[in-house]
Structure formats: C-alpha cells, structure tokens
Amino acid sequence: MDRNEAVAAGSEIERPVGAAAPPSSLWGSDAIAETLRDLGIPWITLNPGASFRGLHDSLVNYLGNRQPQMLLCLHEESAVAIAHGWAKVTGRPMAAAVHSNVGLMHASMAVFDAWCDRIPLLLIGATGHFDAARRRPWIEWIHTAQDQGALIRAFVKYDDQPASVAAARESILRAVQIATTPPMGPVYINLDVLLQEQRLEAPLPKLDVSRYRAPAPPAPDPGLVARAVELLASAKSPLMLVGRCAGGAVGGEEGWRARVALAEKLGMRALTDIKAPAGFPTDHPLHAAAPSTFSTPEMAEAIKGADVLLSLDWIDLAGTLRTAFGGDPVYGGAAIPAKVIQASIDQHVHHGWSKDHMGLPPADIYFLNEPDAVVRALLAALSAKAIAAKALPAAQAPPVRPADGAAAKGPIIDVGMVAQRLRAAAGNRAVSLLRTPLSWGGHIWHFRGPQDYIGFDGGAGIGSGPGMAVGAALALRGSGRLPVAIMGDGDYLMSVQALWTAAHYRIPLLILVVNNRSFFNDEIHQERVARMRSRPVENRWIGQRIGEPEVDLAQMARAQGCRGIGPVSEPATLEAAIAEGIRAVEQGQVCVLDIRVAPGYDASTAAAMAKAEKK
Ligand SMILES: Cc1ncc(C[n+]2csc(CCOP(=O)(O)OP(=O)(O)O)c2C)c(N)n1
Ligand SMILES: [Mg+2]
C-alpha cells in the first residue's frame, strides 16, 4: 500500500451521510471550521463536549469530516499528545479540541509537554455562554470560567477568546502564525458557545490565508559569522553540541548533511542528546559519546577536552557545562575555559512561570538564529577557507552493544537485550524509534538519519508515551518506515487509552513495553534518600512497585482492539515475539508487547543520574 492509499484508507472511517451539500443556512462555527480547512489542518483530535457542539456539527455536516478529519480520543491528554507526536514528525500543527474548563484541565500536562518541546499545536477550546443571560442552568455555569485561558497561559505562546466570528477567524490565523514561528509552541483559542451557534447572515468575506503565514527567519549576522569562523577554524579541538536543530521536531535531510559537512570540514567532534530528535549520525567517527538523557562521564570528558563549543540549541547548556566542569561561574564555581558559540532562538519564549529555559549559559558569540541557518552560514563562509586536516578519531563502538548489567545471553531480559532483538527482528527495515524508555542507554542503538529517532516529550510528563507514539505513527503511516515505541510500564499505564484511537483509525504501530512492574526511576530516588539518612534501602519499592495484582498489559491492548503479545519473559522467545509484532504492524495493526524486564537502568544512565545529582 503506498502512502496516499494508506492515508485515504484511514479517512474512509466515520463518513457522514448527506454531508457537504450546499447548506441552506450558515452558522458561526461553519466559518471557523472553514478557516481550519483553509489553513490546511488535516486532522483534529478531540474528546467531545457541548461547549463546542456547534463546531463539532460544522466539522461533520458542513465540511463532511474531511480536512480536518476528526480523531476521537478517549482522554484529552491523549488528544493533545497525539497532536504533539504528529507535529514532531511533520513539523506542522494539527488541531485538538477540548471541552470547556474540564477538558482543558485534562489536556494541560500534554500542553505543557508540547510547550517544553517547542512543538506547534492549535488547541481549540470552548466555554459555555459567556453571557450569563443565556447560560443553561447548572452544567453551563460549572463549565464556564472567567479567563479560562489562564489555566494554561503560562505555557502557551498565545491565547484568545474572540467575541465575534470575524474576530475568531483573525484569532485562529494569528494563533497559527505564532505557533509556527520558531521557537514553535502551542496556542489556545477559546470559542464562546454564542459565537459558534449564531446564524450568519452572509459568509465571511474570502481571505487569502497564505498572506498570514509565519515570517521568514532572519539570517545570521555576517559579522558574527566571520568571528565564529575565525574561532572555529583556529580551534584545536572544537566540539559541536547537537541539540534541538528544528525545535523538538524531526529535522530535514539537508540540515543533517550540513551538520556532518561542517563537522568534517573542521574535524569537529559532536555530541547528541537523547532528549532531542536525532541530529547527527551516532556511528560517525566524530560522534564523541553515546547520547544520553543526563550528561555522562564520557560526554563530560569530550566537553572538557574542547577549546571551542558550538551549541546548536543544546538543551540545558548551562547545566551540561556545570556537570562537566564541576560548577557554574554564575554561582562562583569553576570557570569555563572553552569559548562558547551559541545558536539558539529559544530566548524568545523564556518568561517567568516555567524554568524550562534552564540555567544561563555563557556565550562568547551568540546567534539569535535557528541552528540550521547558522550551520548553513558557517559552511558557506568556510567553503573558501583552507583548513588543516585533522586526523579523524577511531570509529565508535559497534551498533548494538548489550546493555551493561545483564549479558545479552543472560536469563533475564534487560533493555539492551530488547534493543538487540528488535534490531535482529527488524532486519534491514527502516525503523523510526518514537520513544526510548528512561532505562535506555544511548550506546545500544545508532541513529543514521533524522527520521530514525523523534526525541523525547519536552516536559518529562510521564504518560506522554502512548499518545505521542500514536500521533507520530499517524504521520509515518504509509511512509514505509516501521514505527516502534519502546516505553516503560508506568508511561504506558498512565495513558494506555490513547491506543484505542490508533486501533479505530487504523494507525499501525509497534509498542514494546519494557515492563519492570515499577515506577522504577523513583525507586532509585528513594534508595538515595534512604542512604543519605542511613535508613533501610530495602524499602525503596514501597509505593513504587506495580504488583499484586500485576497488570496484564497485553490484555489492556487487546481490550481496545489492538494485538497484545505477552508477557514475554524468556530471552529465547523475545526475538520471535518481536518478529510476530512486526508482522502484525505490517498487516496494519497496533501491536503491544508486554516484555518483562529486570528492574534497573543501563549502567551509563544510572551513573549519569548520580553525577547530575552531585553537581
Ligand atoms: C506526570 C508525571 N508523574 C510522575 C512523574 C515522576 N516520574 C518520573 S519517572 C517515573 C517512573 C516512570 O515509570 P516507567 O515508565 O515504568 O519507567 P521506569 O522508571 O520504571 O523505567 C515517575 C513516576 C513524572 N515525571 N510525570
Ligand atoms: Mg517501570
């Protein structure tokens, strides 16, 4: 099935009868729905509610449930997470609609994740009649709030509650323009019932929406480029910190190639981050250390050995430097001897409520430009310059090294073994990893192109995994890539109901749950506290383990129309079970494997967590 056929097959679900006939009357929400279509929004995830029943009707009976097509979700958090996952792969916003204050409260954590991940999203909300004279008794009073947008204003780029249909259209155009201007982010438009349900005497005048698009990005300052080139060309051991090169979204092939070309031209080593989408080939000889959530000792060594650092919107540059150098000069700690070139526009969304701007890094040259534009400009300026060739370091470790702890042939499955068996079962299929669990070690899987790994969720909000995987798999449907999300049991269980949307709309997806029957990350924290206080570490599992009864994770998938395999506990059967899952996905199914793994994190992850705590 080719990509177009697959997408078309999905859109044949939930076809309305008698739709798309010329309407005898026009309503406010018809004009709003039309605006979504004009903007090219293909999907709208939602959980229904009377506050947007007008818009719901327009989407179904005026637009015929196409462009956008509804994706019904069982929870608002899933609705936003699915939109987030889709936007990570496509770099474009999808819409999500959530009911009044209650739906917005359910959605809020996922909105925060999208905010922290710099991901565009058009969140449509609604309120009961704002005019009290028209408010229905009881329910509409509960579901009407003064300044509803205040619930999430601290972590959206823009919000509005327009008071007329024409103003609603303007609001949506502005909101999408802002959402798609890097650094991208979620925006929220709250539609009053009255506005949706008012009869329109005449359609709104036609508007060319292409005139309201995001502005072109500014080019890097040539003077700064010249200074940066000087610094990099004369550096003895430059290091590129490859962070968010296209916000939290997957970047393009061209940007990928440019980063490699820049590194090779300068003999510049590179580090990558498992929190960001793949940005540099991890098996390239210049890739200095396995990507990780927390800074590893190997990463710190590479940083300490560098005389010039080129940060491409590296997430938490200050914290990474602090871990490497053992202190922060801002607080009277160690000096940072390396020169720092920063390429980041993130400052545009830094404000007071959320501290997701992280620490304040030093910058000797600060480009307030997108990383890809800076890399392009540096390459262009360097192309004429002869630079003494530097010897390439020895190539990196082979692709799949079993995780530390248990051997690959050991009696208990660990996360490294899961990666290894997935690699074997997938053969030469192109795999897109949509999620790696906290227990992952960056050395157990190589990324060789931008679509190989989409990065983490931005806000570290557990429960983002299933929804984001569904959204990303929707974006990859028909692409020929195998969408695989590997996630913790805690992450899976918090939002397992997102899978129903994938089953219903036939979005193929493979989920491997590395099930340690615990919110294990926090067992480590309890152990640490117990040690600090000389109390029994044996109790670390209390209030953390998910046992007695153990949850049947495969059954929870089957209950929603997905394929469920497992529990798989034997290393000998793991590869065959994953192969069975891959076959199911290739037949169009959603398949979940419940893989019982040993509790514990990859040694590199555990060491990095401990180091981060100390500094
Ligand atoms: C919404 C939310 N609640 C709680 C946490 C705290 N937390 C961080 S990791 C974690 C455990 C996740 O469990 P699982 O996905 O099974 O991964 P494991 O640690 O077992 O490998 C928890 C509860 C969080 N980050 N987000
Ligand atoms: Mg767990």
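**Sheets, helix packing and a ligand shell in a predicted three-domain model**

In strand β19, the residue that serves as bridge partner of Asn-515 is Arg-596. This pair belongs to a predicted model, in which strand β17, covering residues 509-515, and strand β19, covering residues 590-596, are paired in the parallel sense over seven bridges. Both strands are part of an open sheet of five strands, whose order is β15-β16-β17-β19-β18 and whose pairing is parallel. The edges of this sheet are formed by β15 (431-435) and β18 (563-568), each of which pairs on one side only. On average, and with direction ignored, neighbouring strands of the sheet are turned by 20 degrees against each other.

Two helices are associated with this sheet. Helix α14, which spans residues 415-426, packs on the sheet and touches β15, β16 (482-488), β17 and β19, and the direction of α14 makes about 155 degrees with that of β17. Helix α15, which spans residues 465-476, lies across β15, β16 and β17 and runs at about 150 degrees to β15.

At the level of the whole protein chain, the division is into domain 1 (26-212), domain 2 (222-349 + 357-383) and domain 3 (405-614). The centres of domain 2 and domain 3, taken over C-alpha atoms, are separated by 29 Å. To the contact between these two domains, domain 2 gives 23 residues and domain 3 gives 24 residues. On the side of domain 2 that touches domain 3, the residues divide by class into 11 nonpolar, nine polar and three charged.

A further open sheet of five strands, with parallel pairing, has the order β11-β9-β12-β13-β14. Its edge strands are β11 (269-272) and β14 (365-367), each pairing on one side only, and the twist from one strand to the next averages 15 degrees. Within this sheet, strand β9 (residues 238-242) pairs with β11 in the parallel sense over four bridges, and Leu-239 has Arg-269 as its bridge partner in β11. Helix α9, formed by residues 222-233, packs on the sheet, where it touches β9, β12 (308-312), β13 (339-343) and β14; the direction of α9 makes about 130 degrees with that of β14.

Attention then turns to a pair of helices. The axes of helix α11 (residues 297-304) and helix α12 (residues 317-325) come within 9 Å and cross at roughly 90 degrees, and α11 and α12 are therefore roughly perpendicular to each other. The residues that meet are Ala-300, Ile-303 and Lys-304 in α11 and Thr-320, Leu-321, Thr-323, Ala-324 and Phe-325 in α12. By class, this contact of α11 with α12 has five nonpolar, two polar and one charged residues.

The surroundings of the ligand complete the description. Around ligand 1 there are 17 residues, of which Ile-462, Gly-488, Gly-490, Phe-520 and Asn-521 come nearest. The elements that give two or more residues to this shell are helices α16 (489-494) and α18 (520-532). When the residues of the shell around ligand 1 are divided by class, six are nonpolar, eight are polar and three are charged.

Terms used: Residues numbered from 1 in each chain as written. Chains lettered and ligands numbered in written order. Predicted model: local features only at pLDDT ≥ 70, side-chain atom pairs only at ≥ 80, totals over all residues. Pairing = 2+ DSSP bridges. Axes fitted to C-alpha atoms, helices over the stretch in contact; angles between N-to-C directions. Contact = placed C-beta atoms within 7 Å. Near = placed C-beta within 6 Å. Nonpolar A, V, L, I, M, F, W, Y, C, P; charged D, E, K, R; others polar. Parallel < 35°, antiparallel > 145°, perpendicular 65-115°, else oblique. Domains from an automatic or database assignment.
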